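Here's an informal walk through one protein model. Keep the structure open as you read.

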Amino acid sequence: MPEREADRSVSQTVRAQLALRDLILSGSLRPGERISELQAVETTGVSRTPVRMALVRLEEEGLLEAIPSGGFMIKAFSERDILDSIELRGTLEGLAARFAAERGVSARDLEPLKECLNEIDGLVRQDPVSVEAFSSYVTLNARFHALLTELSRSPPLIRQIDRASALPFASPSGFVMAQSALPEAHQILLIAQDHHRVVVDAIENREGGRAEAVMREHARLAARNLRLALRTRTHLELLPALALIKSAAAD
């Protein structure tokens, strides 16, 4: 296959993958619902070969389950599945923070991280925090985590963090929008921002163990958000994908 044609195929696969993932996480496709290759082609407007690859990738992410008779089924998740994925992501991010601290990071390299923190400060000062501010926080929080990961200077680790974050609901901002409707919302944001500042301080002072421990604890805030969101199951419009998650009582 010519190089340009191969690049186009990859691009089409990513396009189909993102479109189908959005349908699942927006609640348009429900747990247990079957999706065929032909249906996915019609939905995404992408040809069969890239769609087939996209469906396989979504199966690898855990959002789909292959059906022996053909096609795929939208998968439901147990609360334990999600908690394990969050713990895995936190463990890897902790290692990234440790690498950054022990290998040393220049003041210049830390500057983008500190600028990101200052922008987040402007959001968390609000009380109550608006839904719009939470939406902005999602973007800034993702940037903070990406910048922190890059400071590890470990391509193999960065790849594994990307894979772990792609697991259903395991990303750093997986439950932030659902959290926005909770009474505890502002308190959790303040704790998260304090974690951010402490880990940057630990990296700057080359305290690897401290940096690692803080990031592992930081990931557990997402687990707390999950439990709170499942407990209330109100404001589902903020995170329709909660419908994919069975509570512990249903496991």
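A word on terms before we start: helices here are DSSP runs of H or I with at least four residues, numbered from the N terminus. By that count, Asn141 falls in helix 6, which spans residues 131-150. Keep in mind throughout that this is a predicted model.

**The overall picture**

The protein chain comes with 10 helices and five strands. Of its 251 residues, 46% are buried. Take the contacts between residues at least 6 apart in sequence, and 76% of them turn out to join residues at least 24 apart.

**Asn141 and its partner**

Back to Asn141 in helix 6. Is this residue buried or exposed? Asn141 counts as buried because its relative accessibility is 2%, and the cut-off for buried is under 20%. Which side chain does the side chain of Asn141 meet in a polar contact? That would be His196, at 3.2 Å. His196 also turns up in the wider contact list of Asn141, together with Ile120, Pro172 and Ser173, once neighbours within four places in sequence are set aside.

**Two nonpolar cores**

As a general point, nonpolar side chains in soluble globular proteins tend to be buried together. In this model, the largest nonpolar core has 33 residues, and those touching the most other members are Leu110, Leu113, Phe144, Val199, Val200, Ile203 and Ala211. Helix 4 (79-103), helix 5 (107-124), helix 6, helix 9 (185-204) and helix 10 are the elements that each supply two or more residues to this core. Which of them gives the most? Helix 9 does, with eight residues. There's also a second, separate core of 28 residues, with Leu29, Ile35, Ala40 and Val41 among them.

Leu110 is a good place to look at the larger set up close. Skipping neighbours within four places in sequence, Leu110 is in contact with Val105, Leu151, Val200, Ile203 and Glu204. Val200 and Ile203 are also on the list of core residues that touch the most other members.

**Helix 4 and what it meets**

Helix 4 holds both Ile86 and Gly90. Both residues have partners far along the chain. Ile86 and Gly174 are 88 residues apart in sequence, yet their C-alpha atoms sit 9.4 Å apart in space. For Gly90 and Ala222, the separation along the chain is 132 residues and the C-alpha distance is 9.6 Å. Which residues does Gly90 touch, leaving out those up to four places away in sequence? They are Met215, Arg216 and Ala219.

Glu212 belongs to helix 10, residues 208-232. With neighbours within four places in sequence left out, Glu212 is in contact with Gly94, Leu95, Ala97 and Arg98. Glu212 is a charged residue, but its relative accessible area is 18%, so it counts as buried under the 20% cut-off.

**Two loop residues with positive phi**

Next come two arginines that aren't in helices. Arg153 sits in the loop between helix 6 and helix 7, and its phi is near 55 degrees, a positive value in a residue other than glycine. Arg206 is in the loop between helix 9 and helix 10. Arg206 isn't a glycine either, and its phi is positive, at about 60 degrees. Is Arg206 buried or exposed? Arg206 is exposed because its relative accessible area, 51%, is over the 50% cut-off. Arg153, at 47%, counts as partly exposed.

Here are the accessibility values for the residues picked out in this report.

| Residue | Relative accessibility | Class |
|---|---|---|
| Ile86 | 1% | buried |
| Gly90 | 2% | buried |
| Asn141 | 2% | buried |
| Glu212 | 18% | buried |
| Arg153 | 47% | partly exposed |
| Arg206 | 51% | exposed |

**The second largest pocket**

Last stop: a pocket. The second largest one has about 220 Å³ of space in it. Helix 3 (48-61) and helix 7 (155-165) are the elements that give two or more residues to its lining. What is that lining made of? The residues are Gln17, Arg57, Glu60, Glu61, Leu88, Gln160, Arg163, Ala164, Ala166 and Leu167. By type, they divide into four nonpolar, two polar and four charged.

Note on methods:
Residues are numbered from 1 along each chain as its sequence is written. This is a predicted model: local features need pLDDT of at least 70, side-chain atom pairs count only at pLDDT 80 or more; totals for chains, interfaces and linings use all residues. Side-chain values use heavy atoms; hydrogens and water are left out. Buried means under 20% relative accessible area, exposed over 50%, partly exposed in between (1.4 Å probe, protein chains only). A polar contact is a pair of N or O atoms within 3.5 Å; within protein, one must be able to donate a hydrogen and the other to accept it, and residues adjacent in sequence count only if both atoms are side-chain atoms. Contact means heavy atoms within 4.5 Å. On a 1 Å grid over the protein atoms alone, a cavity is a set of points where a 1.4 Å probe fits but cannot get out, and a pocket is an open set with protein on both sides within 12 Å along at least five of seven lines; lining residues have an atom within 4 Å of a point. Grid points are joined across faces, edges and corners, and a volume is the space filled by probe spheres set on the points. A nonpolar core is a set of buried Ala, Val, Leu, Ile, Met, Phe, Trp, Tyr and Cys residues joined through side-chain atoms within 4.5 Å.
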